[in-house]
There are 2 protein chains.
Amino acid sequence: MMVSQNALTVFEALKNLGVDCSMDEDQCVKHGQDQSPISTVISPDIVVYPKHTQHVMDIVSIANQMKMPIVPFGAGTSVEGHVLPIHGGIAMNMTHMNQILEISPESLTAKVQPGVTRKQLDQALAAYNLCFPIGPGVNATLGGMCSTGASGTNAVKYGTMKENVLGLEVITSEGKLAKTGTKARKTSAGYDLTRLMIGSEGTLGVFTEITLKLYPVPEQISVAICSFESISDAVNSVISIIQNSIPIARVELMDGHTVSLVNDYSQLELSEIPKLILEFHGSSQYISEQVERVNSIVSQFGGSEFNWATEKEERNKLWQARHDTYYAAIASKENARSISTDTCVPIDKLADCLLESINEVNDSGLPYFLVGHVGDGNFHFGYLIDPDIEAERQTAEALNSRLIERAIKFEGTCTGEHGVGMRKMHYLEQELGSESISLMQKIKQALDPNNILNPGKVVLLNSVQEDIEG
Amino acid sequence: MMVSQNALTVFEALKNLGVDCSMDEDQCVKHGQDQSPISTVISPDIVVYPKHTQHVMDIVSIANQMKMPIVPFGAGTSVEGHVLPIHGGIAMNMTHMNQILEISPESLTAKVQPGVTRKQLDQALAAYNLCFPIGPGVNATLGGMCSTGASGTNAVKYGTMKENVLGLEVITSEGKLAKTGTKARKTSAGYDLTRLMIGSEGTLGVFTEITLKLYPVPEQISVAICSFESISDAVNSVISIIQNSIPIARVELMDGHTVSLVNDYSQLELSEIPKLILEFHGSSQYISEQVERVNSIVSQFGGSEFNWATEKEERNKLWQARHDTYYAAIASKENARSISTDTCVPIDKLADCLLESINEVNDSGLPYFLVGHVGDGNFHFGYLIDPDIEAERQTAEALNSRLIERAIKFEGTCTGEHGVGMRKMHYLEQELGSESISLMQKIKQALDPNNILNPGKVVLLNSVQEDIEG
């Protein structure tokens with residue numbers, strides 16, 4: 001590995017500040033990877049492990065002075081290349097800042113550091129009979145979840161990170177601390193910096209503290225599986241459930257082929273036909289009422305009797321299997337990477353968008369999996385490619401491209417929850433137009449004039465990009 | 001009225017474009033007023049009435065070329081001076097852009113122009129058995145509601161404008177059209193321009209189209225009044241209702257004195273003691289369940305039997321009376337203006353914050369009213385002053401200042417829904433700190449470098465402020 005004089009200077013400065021840091025090749029290589037299908041890996045020059053907010057301020061401040069790129073790194077579960085340090089520089093591993101600072105059952109809020117993981121938080125909240133319902137499948141950090149505007153299976157009832165983060169402490173590109181919100185449930189206090197920062201993918205600031213909304217654990221949680229003869233019957237059921245505003249907590253789609261992948265990987269014995277996994281939250285009486293309404297809808301579309309997972313263990317096993325779909329798929333093909341799609345369309349366009357896309361991928365012959373948070377109109381194909389076979393990558397990218405065009409035509413978005421990263425910048429422009437991109441560029445330029453914060457992601461700044469690369 | 005050469009030039013240019021515009025004194029004076037207690041009224045030089053998006057683009061573009069301030073004007077119901085053209089220039093009256101462009105029951109979305117009013121939309125949606133539940137008391141325009149990040153009585157269940165606007169068409173300071181979102185229910189597509197624009201109070205762009213989330217009208221709506229011996233009993237009931245996550249649709253507080261104002265103004269005969277107005281949405285079975293739980297809570301705090309408003313007319317009359325509190329209070333004192341507070345605190349701090357503040361205003365001797373969307377921790381005092389009596393204004397401002405300090409101490413906000421306008425800029429800094437203000441200034445500067453868009457509101461740009469004034 002070539003080491004620049006700049007990097008050595010920064011490394012010495014960081015060490016003098018007492019910050020844990022490393023230029024060890026193993027460490028650097030590890031922080032040049034994520035779960036995206038991007039194969040051109042560039043390692044950072046330095047990996048740092050801040051322990052507290054002042055560390056982060058110092059590190060960013062030094063990076064800014066030296067005009068050195070800095071990329072916050074959490075659990076490394078991004079699928080869009082967010083954490084790849086494509087211009088080298090500093091990978092800032094946030095996982096040592098993993099304290100839960102406050103849990104307040106009285107105000108239904110928590111304050112956490114960005115390195116706290118979803119499962120760690122779940123576990124801590126369980127003692128209070130509280131929950132934070134935003135759950136992407138993987139065990140991401142809360143900082144990472146803020147960065148991408150994550151959501152997951154519960155969003156249909158509880159919303160996304162955008163609706164469930166009350167405020168952030170953010171370190172600006174100058175290394176200064178800004179507070180974007182309070183513990184109040186709503187606010188009109190100036191520009192909504194909280195929401196601007198959520199989904200900014202490390203390009204506008206680094207999070208050091210996150211204030212979350214909490215919820216009491218529902219009195220009862222009931223999970224049922226319902227099987228269908230065809231995908232279209234399953235999807236049309238979902239459309240009707242949502243149009244009738246039945247307050248379902250989760251409704252997840254799996255196609256028959258994906259069920260078979262999951263059966264193999266997670267030792268389940270589900271029938272290998274299209275399925276909805278339905279979860280209901282509330283009192284037993286309220287759940288009965290919802291179930292009755294949902295039952296009457298699915299029966300119109302030939303849905304099976306509900307198969308109930310009543311025990312907590314059984315439920316957890318089922319959801320874990322669902323969340324492990326990605327790993328199940330990856331394991332099903334040698335040297336596989338997944339190119340994951342993430343379109344989200346208005347609910348009435350879900351069937352049209354999904355069915356056309358299934359036909360297309362079947363025609364292509366590429367292996368894939370299909371899951372979806374269909375209650376939001378959001379679904380994911382995972383096209384399984386061998387990254388070393390260029391033709392497979394091209395086929396997958398062409399499928400993704402056509403799917404996104406279709407979603408945009410239906411007034412949907414290219415990304416419901418995974419974010420833009422490196423791979424969707426041109427789709428972003430296709431979706432929102434050049435003037436919106438120009439506004440985003442102006443914001444980026446204003447808040448990070450040296451373009452040190454995760455450069456090359458979300459929007460490009462042509463004027464300064466070369467400086468960073470040079 | 002002094003007319004500058006600049007204004008005449010712009011007026012001619014606008015007329016040549018075929019835009020309705022006026023320099024008539026009556027028109028101008030009318031657009032130099034709102035419902036705030038600010039008495040130093042400055043009229044705009046020109047009032048324009050765009051009819052469509054291209055008009056808005058042309059008008060903003062001319063204003064930008066001429067570095068002339070431009071202030072979008074809706075229903076004029078702001079209470080924080082948002083629409084006051086304090087640097088003269090153009091008042092852009094958006095009320096001729098009042099078309100409902102699309103109502104889609106299938107995707108549960110609507111597209112409206114910014115001049116559409118809340119009641120106009122309600123009426124149109126009724127034909128589809130749909131509703132848009134965000135309701136500030138007044139009949140504001142949807143554009144105005146976006147500008148301030150409005151919410152109102154239903155926010156406890158449905159959220160605010162931030163959670164219920166899917167996307168905007170925005171005209172930038174250069175007169176270009178930017179699209180900030182789609183009809184998808186969730187998105188991670190780049191920086192969240194939609195939320196950045198909502199609550200930006202006309203300072204970052206002008207809205208020309210708004211995409212809204214809709215909801216089916218609830219199967220049943222039940223409204224009950226519950227009376228309490230003391231405010232603290234009423235408030236403690238609310239805290240417990242929220243901590244138990246009972247999905248109540250509205251819970252509004254009125255103190256005994258405010259009830260008497262409302263009785264007089266709206267010809268009601270409510271007992272003049274503290275009250276909660278409770279609204280429940282859902283099936284009759286689900287409502288029964290919620291009512292049972294709420295009943296058991298309020299009875300612990302000595303709440304009365306529920307007094308039900310079962311008929312739609314009766315309900316509407318009650319809510320109209322509640323929403324008319326402001327007018328009832330204004331009518332109760334000669335030459336009265338109201339200085340309205342808008343603090344919002346974490347739910348567990350609601351009693352502490354509210355009760356201390358009631359004691360303080362009682363000690364001051366100033367007449368007032370008190371209402372609150374207490375389920376969110378948000379409440380409003382209206383301190384009734386004679387704007388010509390400086391001592392009254394000073395007393396009211398001092399009360400407001402102490403209330404805001406208290407709310408901030410409790411990790412709350414100075415404004416839950418009214419916005420910053422001209423009167424809360426220093427509180428904003430007190431609440432979020434100077435670094436957040438600096439971020440907001442950088443965003444304003446980047447998106448409106450000539451500071452033409454509603455200058456002097458939300459955040460000040462010292463560097464360019466003088467140009468506008470000079």
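**Exercise 1. Find how many salt bridges the rule gives across the interface of chain B and chain A, and describe one of them.**

Across this interface the rule finds 14 salt bridges, where a salt bridge is a side-chain nitrogen of Lys or Arg within 4 Å of a carboxyl oxygen of Asp or Glu. One such pair is Lys186(B) with Asp376(A), whose closest N and O atoms are 3.3 Å apart. The structure is a predicted model, in which local features need pLDDT of at least 70 and side-chain atom pairs count only at pLDDT 80 or more, while totals for chains, interfaces and linings use all residues. Residues are numbered from 1 along each chain as its sequence is written, chains are lettered from A in the order in which they are written, and side-chain values use heavy atoms, with hydrogens and water left out.

**Exercise 2. Work out which residues and how much area make up the contact between chain B and chain A.**

Begin with the residues: chain B gives 79 and chain A gives 81 to the contact, which means heavy atoms within 4.5 Å. Next comes the buried area, the accessible area (1.4 Å probe) that two parts lose on being put together, summed over both; here it is about 6700 Å², and carbon and sulfur atoms give 58% of it. In chain B, the residues that lose the most area to chain A are Lys186(B), Ser188(B) and Tyr191(B), together 14% of what that side buries.

**Exercise 3. Determine how the two copies are related, and through which surface they meet.**

First, chain B is superposed on chain A, by least squares on the C-alpha atoms of residues with pLDDT of at least 70 in both; a rotation of 180 degrees with 0.0 Å of shift along its axis does this with an RMSD of 0.0 Å. The two copies are therefore related as by a two-fold rotation axis. Second, 100% of the interface residues of chain B are also interface residues in chain A, so the copies meet through the same surface.

**Exercise 4. Describe the contact between domain 2 and domain 4 of chain A.**

The bounds, which come from an automatic or database domain assignment, place domain 2 at 100-216 and domain 4 at 333-418 of chain A. Their C-alpha centres lie 28 Å apart, and eight residues of domain 2 of chain A are in contact with six residues of domain 4 of chain A. Together these two domains bury about 470 Å², 43% of it on carbon and sulfur atoms. On the side of domain 2 of chain A, Thr148(A), Gly152(A) and Val156(A) lose the most area to domain 4 of chain A, together 54% of what that side buries. Finally, the count of salt bridges between domain 2 and domain 4 of chain A is zero.
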